[in-house]
Amino acid sequence: MNQQTAWLVLLAAACFETVWAVGLEYADGFSNLRATAVVVVALVVSMAGLAKAVEVLPVGTAYAVWTGVGAVGTVVLGIVLFGESTSPVRLACLTAIVAGVTGLRFAG
């Protein structure tokens with residue numbers, strides 16, 4: 001796998017991280033079996049993608065990007081799906097995470 005492919009795999013893995021994190025809300029303490037199944041599958045796919053990406057990318061960078069993209073995606077979906085806060089401070093913090101992830105991607 002080349003670097004560009006590794007970055008794409010990492011981005012996909014981070015998106016699956018968002019799926020499992022948001023899915024926890026729907027799983028209702030793992031009592032909703034369908035949502036729990038989605039959480040488990042997304043978790044496995046997310047971790048497998050991260051594991052594949054770190055074969056090529058530095059583990060520290062890959063993990064930080066994976067968690068950052070996953071966190072931002074989860075917060076954005078929390079706002080859209082669950083009416084979570086859009087306070088200026090919260091949005092500024094999200095912007096800082098995006099800037100950090102972008103910096104890690106292009107820092108080399």
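How exposed is C15? With a relative accessible area of 42%, C15 is partly exposed. The views below walk through this predicted model, starting with the whole chain and then moving in on single helices and residues.

**Figure 1. The whole chain is a run of helices, in the pattern α-α-α-α.** The protein chain has four helices and zero strands. Lay a box along the principal axes, and the C-alpha atoms fill roughly 40 × 35 × 15 Å. Of the 108 residues here, 30% are buried. Take the contacts with a separation of 6 or more, and 65% of them join residues 24 or more positions apart.

**Figure 2. Confidence along the model averages a pLDDT of 95.** A score of at least 70 is reached by 99% of the residues. Ranked by element, helix 2 (residues 33-53) comes out highest, with a mean pLDDT of 98. Helix 4 (residues 88-106) has the lowest mean, and that is 92. As a reading rule, predicted coordinates should not be read in detail where pLDDT is low.

**Figure 3. The largest nonpolar core has twelve residues.** Its members are A6, W7, L10, A13, A14, L50, A53, L57, A62, V65, W66 and V101. Helix 1 (3-27), helix 2 and helix 3 (59-82) each put in at least two of these residues. Helix 1 gives the largest share, with five. Apart from this core lies another one, of five residues, including A27, A35, V39 and A42.

**Figure 4. A close-up of A13 and L50, both members of the largest nonpolar core.** Which residues does A13 contact, leaving aside its neighbours within four places in sequence? They are S46, G49, L50 and W66. L50 sits in helix 2. It counts as buried because its relative accessibility is 11%, under the 20% cut-off. Skip the residues up to four places away, and L50 touches L10, A13, A62, Y63 and W66. Another core member, A6, is 44 residues from L50 along the chain, yet the C-alpha atoms of the pair are separated by 9.1 Å.

**Figure 5. Helix 3 seen end to end, with its 24 residues.** How does the span of helix 3 agree with what its residue count predicts? At 1.5 Å a residue, helix 3 should span 34 Å, and its end C-alpha atoms are 33 Å apart, so the two agree. The buried residues of helix 3 are T61, A62, V65, W66, G68, G70, V72, G73, V75 and G78. Helix 1, helix 2 and helix 4 are among the elements that cover them. When you follow the spacing, keep in mind that an α-helix has 3.6 residues a turn, so residues three or four places apart point the same way. After helix 3 comes G83, with a positive phi near 65°.

**Figure 6. The two spans that UniProt lists as "transmembrane region", in an unreviewed entry.** The record gives residues 31-51 and 63-83. In the model, residues 31-51 are 90% helix and 0% strand, with 29 Å between the end C-alpha atoms. For residues 63-83 the figures are 95% helix and 0% strand, and the end C-alpha atoms lie 28 Å apart.

**Figure 7. T36, a buried residue of helix 2.** Is T36 buried or exposed? Its relative accessibility is 14%, and since buried means under 20%, T36 counts as buried. Leave out residues up to four places away in sequence, and T36 touches A27, F30 and S31. One of these, A27, also belongs to the five-residue core.

**Figure 8. Q3, in helix 1.** Q3 is partly exposed, with a relative accessible area of 45%. Beyond its neighbours within four places in sequence, Q3 is in contact with V56 and L57. L57 belongs to the largest nonpolar core. What about I79? The C-alpha atoms of Q3 and I79 are 33 Å apart, and the two residues are 76 residues apart in sequence.

**Figure 9. Cysteines C15 and C93.** Back to the opening residue: C15 is partly exposed at 42% relative accessible area. C93 is partly exposed too, with a value of 44%. Don't look for a disulfide in this view: a search of the whole structure finds zero.

Methods:
Residues are numbered from 1 along each chain as its sequence is written. This is a predicted model: local features need pLDDT of at least 70, side-chain atom pairs count only at pLDDT 80 or more; totals for chains, interfaces and linings use all residues. Side-chain values use heavy atoms; hydrogens and water are left out. pLDDT is the predictor's confidence in each residue, from 0 to 100. Helices (H or I, at least four residues) and strands (E, at least two) are DSSP runs, numbered from the N terminus. A nonpolar core is a set of buried Ala, Val, Leu, Ile, Met, Phe, Trp, Tyr and Cys residues joined through side-chain atoms within 4.5 Å. Buried means under 20% relative accessible area, exposed over 50%, partly exposed in between (1.4 Å probe, protein chains only). Contact means heavy atoms within 4.5 Å. UniProt positions are given in the numbering used here, feature names are shortened, and annotations may be inferred rather than shown by experiment. A disulfide is a pair of cysteine sulfur atoms within 2.5 Å. The expected span of a helix is 1.5 Å times one less than its number of residues.
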